[in-house]
Amino acid sequence: MNHQRLALDNKATRPRKLPSPWAMFLSGFLKRPRMVGSVIASTKTLINTMLKRVDWANTKLFVEYGPGVGTYTQAILDRLAPDGTYLAIDTNPDFIEYLRLKFTDSRFVPVLGSAEDVEKIVADHGFEKADYVLSGLPFSTLPKGVAPAIAAATHRVLKPGGAFLVYQFRPKVRDFLEPHWSNIDYSIEWIAIPPSHNFWAWKDAEDQAA
C-alpha cells in the first residue's frame, strides 16, 4: 500500500511533459487561424534580423505580442539585461500555459490578454512605458478594428526612442503604422518561408503627444 501511494505521489510531482512546439503551434493555428501569423516558425536569421537593432543594454521593458510557443523567447532572454523584464502577451491560454512551463526565467512574464490592452498590462506590471514591442500578429487578417487599435495603443505605450518591431508575410501592416509613426525602416527577409516583410517603427521625441 505504501509503495502504491509512493508511486502515485511521484507521478503527481513528476514534471509535466511538454508537447512539441510544432504540435502546439499547429493546434493554435487550427483553433484560431486569424490570430496566428503562420504555421511556419521564424528562422534564426529572421529572429536575429528583427532583434539586432534593439539597444539591449538600456532595455528595461520588452513586450511581445503573440509569442506563440516561444520562437523568439530564448533569443530575447539571451539578450535582455539582468534587470530587464519581458512581457509576452497572447490571447491563447494554451500558449500561455506552455510558455509558463517551458521558460522559468524570472525576467519572463507570460500574460493572457489582448495586445489592445497593452497600456493596462504594462501598468499592471509596474511600468509606465515600454522600450520595445515585437509583433508577428497577422495584422491583415485580424478582426475588424483590432489592428488599428493595437497600433494606436502600441504607439502610446512606447517611450520616445523606442520602436515597434513588426514582421509580417504581407506588407499591409504599413497602413496601420503610418498614421502613428513617421520614422519607419523596412526590409524583406528572403531567408524565410514565405519571405518576411520587416518593419521597425521608431517613436521620435516629437511623437510623444501623438
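How many of the 6 residues of strand E2 (residues 85-90) are buried? In this predicted model, strand E2 is mostly covered, with 6 of its 6 residues buried. Thr85, Leu87 and Ile89 point one way from E2, while Tyr86, Ala88 and Asp90 point the other way, and residues of both groups are buried. To see where this strand belongs, it helps to turn to the protein as a whole.

The protein holds 8 helices and 7 strands, and of its 210 residues 46% count as buried. Among the contacts between residues at least 6 apart in sequence, 69% join residues that are at least 24 apart. The 7 strands form an open sheet with mixed pairing, in the order E3-E2-E1-E4-E5-E7-E6. Strand E3 (108-112) and strand E6 (183-189) stand at the edges of this sheet, and because each has a single partner strand, one side of each is left without a neighbour in the sheet. On average, and with direction ignored, neighbouring strands of the sheet are turned by 15° against each other.

Strands of a sheet pair through backbone hydrogen bonds, and they can do so either parallel or antiparallel. Strand E1 and strand E2 run parallel and are joined by 5 bridges, and one residue pair to look for is Glu64 with its bridge partner in E2, Ala88. Strand E1 (residues 61-65) also runs parallel to strand E4 (residues 130-135), to which 4 bridges join it. Here the bridge partner of Phe62 in E4 is Tyr132.

Helices pack on this sheet as well. Helix H7 (residues 146-157) touches E1, E4 and E5, and its direction makes about 145° with that of E5. From its first C-alpha to its last, H7 with its 12 residues reaches 16 Å, which is close to the 16 Å expected at 1.5 Å a residue. H7 is mostly covered, since 9 of its 12 residues are buried; they are Val146, Ala147, Ile150, Ala151, Ala152, Ala153, Thr154, His155 and Val157. These buried residues of H7 pack against the strands E1, E4 and E5, and also against helix H6 (118-124) and helix H8 (174-177).

Helix H3 (residues 44-51) lies across E1, E4, strand E5 (158-168), E6 and strand E7 (196-202), and runs at about 15° to E7. The residues Leu46, Ile47, Thr49, Met50 and Leu51 of H3 are buried, and the buried residues of this helix pack against helix H4 (73-79) as well as against E1, E4, E5, E6 and E7.

Two single residues show how different a place in a strand can be. Ser135 lies in strand E4, and because its relative accessibility is 0%, Ser135 counts as buried. Leaving aside residues up to four places away in sequence, Ser135 touches Tyr65, Phe164, Leu165, Val166, Tyr167 and Gln168. Although Ser135 and Glu64 are 71 residues apart along the chain, their C-alpha atoms are separated by 5.8 Å. Pro160, by contrast, has its place in strand E5, and since its relative accessibility is 43%, Pro160 counts as partly exposed. Pro160 and Lys129 are 31 residues apart in sequence, and their C-alpha atoms are 9.4 Å apart in space.

The aromatic side chains offer a last way into the structure, in which a search of the whole finds 10 aromatic pairs. The rings of Phe103 and Phe108 have their centres 5.7 Å apart and their planes at 75°, an angle that is over 60 degrees, so this pair is edge-to-face. Both Phe103 and Phe108 are buried, and these two residues form one aromatic cluster together with Trp56, Phe62 and Tyr86. Two of the names in this cluster have been met before, for Phe62 is the residue bridged to Tyr132 in E4, and Tyr86 is one of the buried residues of E2.

Rings also lie beneath charged groups in this model. The charged end of Arg53 sits over the ring of Trp200, 4.1 Å from the centre of that ring, and the charged end of Arg174 sits over the ring of Tyr186, 5.5 Å from its centre.

Key
Residues numbered from 1 in each chain as written. Predicted model: local features only at pLDDT ≥ 70, side-chain atom pairs only at ≥ 80, totals over all residues. Heavy atoms only, no water. Pairing = 2+ DSSP bridges. Axes fitted to C-alpha atoms, helices over the stretch in contact; angles between N-to-C directions. Contact = heavy atoms within 4.5 Å. Expected span 1.5 Å × (residues − 1). Buried < 20%, exposed > 50% of the residue type's maximum accessible area, 1.4 Å probe, protein only. Phe/Tyr/Trp six-rings, centres within 6.5 Å; stacked < 30°, edge-to-face > 60°. Lys NZ or Arg CZ within 6 Å of the ring centre and 35° of its normal.
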